[in-house]
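Thanks for sharing this one. Here are a few notes to read alongside the coordinates, in the order I would look at them.

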Amino acid sequence: FARDTRTAEEVDLHECLEEAVTLVQRELKPGVRLVRKLGRLPGVRCIRGQMSQVFLNLLKNAAEAIEKRGTITLRSLKKNGQAVIEVADTGRGMSEEIRRKLFEPFFTTKPVGQGMGLGPSISLMIVHNHNGRITVRTRPGRGSSFRVELPLSS
């Protein structure tokens, strides 16, 4: 993410997603499969390094949610003037209590010393700063799906 100039530019979100995949791929457990279901997306005006960071955070959390075997599915589509990127996993999912606290700074379910609890809150801040939104659907024992929506460039 070193090329992050702090200046918004026209960006291919698939490139940001692939940068994040490259970084997280070697951390995936042997039983974790990565599936891409990518549609066509026009460019989005954003800060490239920040969006890559969002996708990296989502991918790392998805990978950690899968205990032994499972699938991470990456989807993209254009809907209602928005670019949509979804990172879904077949991991352990979250309780409603955890989902409600998920985007609070320093909230973590990891043992002390293994996580700072900043990934989701930083991702939320970045997406909001790009006039977008991030939502999560989850079911305990069935996995989670994080959806990032960003306005398309005019």
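**Notes on the helices and a buried glutamate**

1. Helix α1 covers residues 13–25, and its length checks out: at 1.5 Å a residue, its 13 residues should span 18 Å, and the end C-alpha atoms are indeed 18 Å apart. Please keep in mind that this is a predicted model.

2. Which residues of α1 are buried? They are L13, H14, C16, L17, A20, V21 and V24. Around the axis they cover an arc of only 155 degrees, so they sit on the same side of α1. The general background is that an α-helix has 3.6 residues a turn, so residues three or four places apart point the same way.

3. The N-terminal end of α1 is capped by D12, which places a side-chain oxygen 2.8 Å from the backbone nitrogen of H14. H14 is also one of the buried residues of the helix.

4. Next, have a look at the pair formed by α2 (residues 48–65) and α4 (residues 119–129). These helices pack at an angle of about 145 degrees, their axes being 9 Å apart, and the crossing is left-handed. On the α2 side, Q50, M51, Q53, V54, N57 and N61 take part, meeting G119, P120, S123, I126 and V127 of α4.

5. Finally, E86 belongs to strand β5, residues 82–89. Is E86 buried or exposed? With a relative accessible area of 7%, it is buried, because the cut-off for that label is under 20%. Its side chain makes a polar contact of 3.3 Å with that of S145. Beyond its neighbours within four places in sequence, E86 is in contact with T73, L74, R75, R137, S145, F146 and R147.

Methods: Residues are numbered from 1 along each chain as its sequence is written. This is a predicted model: local features need pLDDT of at least 70, side-chain atom pairs count only at pLDDT 80 or more; totals for chains, interfaces and linings use all residues. Side-chain values use heavy atoms; hydrogens and water are left out. Helices (H or I, at least four residues) and strands (E, at least two) are DSSP runs, numbered from the N terminus. The expected span of a helix is 1.5 Å times one less than its number of residues. Buried means under 20% relative accessible area, exposed over 50%, partly exposed in between (1.4 Å probe, protein chains only). The arc is that of the directions from the helix axis to the C-beta atoms. A polar contact is a pair of N or O atoms within 3.5 Å; within protein, one must be able to donate a hydrogen and the other to accept it, and residues adjacent in sequence count only if both atoms are side-chain atoms. Axes are lines fitted to C-alpha atoms, for helices over the stretch in contact, and angles run from 0 to 180 degrees between N-to-C directions. A crossing is left-handed if the near helix is turned anticlockwise from the far one by less than a right angle, and right-handed if clockwise. Contact means heavy atoms within 4.5 Å.
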